[in-house]
Amino acid sequence: MKRGLYANRPNLTIGFHGCDQSVVDKVIAGKENLLASTNDYDWLGSGIYFWENNEERALEWAEILSKRPGSSIKTPAVIGAVIDLGYCFDLTDTAYLRELKKSYELAVEYCRISGEKLPENKPIGGSEDLLLRKLDCYVIEMMHRVNREANNRAYDSVRGVFWEGRPLYPNAGFAEKNHIQICVCNPNCIKGYFLPRGIDVKYPNP
């Protein structure tokens, strides 16, 4: 029996993607889909990126990007998505953290044999955070590669928690830009897009 996109009974989550207003308009109108990012410094490897349950951070990111020379973002905006994580490589889970560590060891060995230089994570500008995640991206892509070569089921998404920014207060274990990112590898995980709406103050927020 042929199964449709909504045949499974999923656990859904909400993600927000920062981009230009023109992209929001086209995606909401059904004229385009969000494109996967394939930069070698992407934090969770190649895929379509979302801030989990964090509309404000998505907009902040779009605003920062719009100020860079030559940026494609002229009018910062946010689009929401309903996401089924599916078969998720979840880096809040011990088993997947162990698997990623093994992938790092394989990446080191591969670079040693091939003579290739192992990439590094580096800060950019005046930030102390490792914003250029070339090493992490390389290791995650190595994980996907090993998974494919073993003919295992492909991961639908990758999810990770990140500590970013200055400490929230002196000696804090929290930073001002802590967030969870979702990288969607399988576009069918995205069950629908929506325009974020404001809260109706006449009613409680459930």
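Reader: What makes S4-S7-S8-S2-S1-S3-S9 a sheet, and is the sheet open or closed?

Author: In this predicted model, seven strands pair up in that order into an open sheet, with mixed pairing. Strands here are DSSP runs (E, at least two residues; helices are H or I, at least four), numbered from the N terminus. Two strands count as paired if DSSP finds at least two bridges between them.

Reader: Why are strand S4 (88–90) and strand S9 (190–194) called edge strands?

Author: Each of them pairs on one side only.

Reader: How do you know that S1 and S3 pair?

Author: Nine bridges join strand S1 (residues 12–20) to strand S3 (residues 76–84), and the two run antiparallel. The cut-off is at least two bridges, so they pair. Isoleucine 14, for one, stands opposite valine 82 in S3.

Reader: What makes a group of residues the largest nonpolar core?

Author: A nonpolar core is a set of buried Ala, Val, Leu, Ile, Met, Phe, Trp, Tyr and Cys residues joined through side-chain atoms within 4.5 Å. Buried means under 20% relative accessible area (1.4 Å probe, protein chains only; exposed is over 50%, partly exposed in between). The largest such set has 19 residues, and Leu44, Phe89, Leu91, Leu100 and Val158 have the most contacts inside it. H4 gives the most, with six residues.

Reader: Which residues does leucine 100 touch?

Author: Leucine 100 touches Phe89, Leu91, Val139 and Ile140, leaving aside residues up to four places away in sequence. Contact means heavy atoms within 4.5 Å.

Author: A note on sources: residues are numbered from 1 along each chain as its sequence is written, and side-chain values use heavy atoms, without hydrogens and water. Local features need pLDDT of at least 70 and side-chain atom pairs count only at pLDDT 80 or more, while totals for chains, interfaces and linings use all residues.
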